[in-house]
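Visitor: I would like a close look at a single part. Please pick one residue, say what is around it, and then work outward from there.

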Amino acid sequence: MADRIGTVPGLSTPSGVWSTVVTSPAKRLVFISGLVARDAEGTLVGVGDMTLQTRQVCENLKLALAAAGATLADVLRVDVYVTRIDRFAEIHAVRREYFPQDPPASTMVEVTRLVHPDAMIEITATAAID
């Protein structure tokens, strides 16, 4: 389990679902490639709906972590790529469901487009497990 420091003296408090600093004494790192909102059959879920796409990406992340013997609680960092940064509140409402406490460190950036023309969000993750 990683140590998370949500508030750092001299820095503003995070306005979304992330910790500013995350440390880990873990012995094994797990790197998850970028995940978009594809279901098990490869169909993009939630076309035009940022909430549904974010939820599908988080479900995909859970599956990928489980394959490595990890859980969402083991995630140290996520990088979030979105096509609409103004949907920040919707994205973080879903993230709060998946990371209800001690969220990972995070960066979110807006990009022109993702691997599928209707994909609105992609997330990569790094986790640490014993």
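**Val78 and its surroundings**

Guide: Leaving aside the neighbours within four places in sequence, Val78 is in contact with Arg95, Pro104, Ala105, Ser106, Thr107, Ile123, Thr124 and Ala125. Keep in mind that the model is a predicted one.

Start with the position of Val78 itself. Val78 belongs to strand β4. Its relative accessible area is 2%, and a residue counts as buried when that value is under 20%, so Val78 is buried. The strand as a whole fits this picture: 6 of the 8 residues of β4 are buried, so β4 is largely enclosed by the rest of the structure.

Next, look at the sheet that contains β4. It is an open sheet of 4 strands, in the order β3-β6-β4-β5, with mixed pairing. The edges are taken by β3 (28–35) and β5 (105–110); each has a single partner strand, so one side of each is left without a neighbour in the sheet. From one strand to the next, the twist averages 10°. As a general point, strands of a sheet pair through backbone hydrogen bonds, and the pairing is either parallel or antiparallel.

Strand β4 has a partner of each kind. On one side, 7 bridges join β4 (residues 75–82) to β6 (residues 121–129), and these two strands run antiparallel. On the other, β4 and β5 run parallel and are joined by 6 bridges. Val80 can be used to follow both pairings. In β6, Val80 stands opposite Ile123, while in β5 the bridge partner of Val80 is Met108. Val82 gives another point of reference, since Ile121 is the bridge partner of Val82 in β6.

Now return to the contacts of Val78 and take one of them, Thr124. Thr124 is found in strand β6. With a relative accessible area of 18%, Thr124 is under the 20% limit and is therefore buried. Apart from neighbours within four places in sequence, Thr124 is in contact with Ile32, Ser33, Gly34, Arg77, Val78, Asp79 and Tyr81. Among these, Ile32, Ser33 and Gly34 fall in β3 (28–35).

A helix also belongs in this view. Helix α2 (residues 88–98) lies across β4, β5 and β6, and runs at about 150° to β5. Between α2 and β5 there is a loop, and Asp102 lies in that loop. Asp102 has a phi near 50°, which is a positive value in a residue other than glycine. For a distance across the fold, take Val78 and Pro103: they are 25 residues apart in sequence, and their C-alpha atoms are 9.6 Å apart in space.

Last comes the empty space beside Val78. Rolling a probe the size of a water molecule over the atoms shows where empty space is left. In the whole structure, a search finds 1 cavity of 30 Å³ or more. The largest cavity has a volume of about 30 Å³. Val78 is part of its lining, together with Cys58, Leu61, Arg95, Phe99 and Ile123. The lining residues divide into 5 nonpolar, no polar and 1 charged. Two of the lining residues, Arg95 and Ile123, also appear among the contacts of Val78.

Conventions: Residues are numbered from 1 along each chain as its sequence is written. This is a predicted model: local features need pLDDT of at least 70, side-chain atom pairs count only at pLDDT 80 or more; totals for chains, interfaces and linings use all residues. Side-chain values use heavy atoms; hydrogens and water are left out. Two strands pair if DSSP finds at least two bridges between them. Axes are lines fitted to C-alpha atoms, for helices over the stretch in contact, and angles run from 0 to 180 degrees between N-to-C directions. Contact means heavy atoms within 4.5 Å. On a 1 Å grid over the protein atoms alone, a cavity is a set of points where a 1.4 Å probe fits but cannot get out, and a pocket is an open set with protein on both sides within 12 Å along at least five of seven lines; lining residues have an atom within 4 Å of a point. Grid points are joined across faces, edges and corners, and a volume is the space filled by probe spheres set on the points. Ala, Val, Leu, Ile, Met, Phe, Trp, Tyr, Cys and Pro count as nonpolar, Asp, Glu, Lys and Arg as charged, and the others, Gly among them, as polar. Buried means under 20% relative accessible area, exposed over 50%, partly exposed in between (1.4 Å probe, protein chains only).
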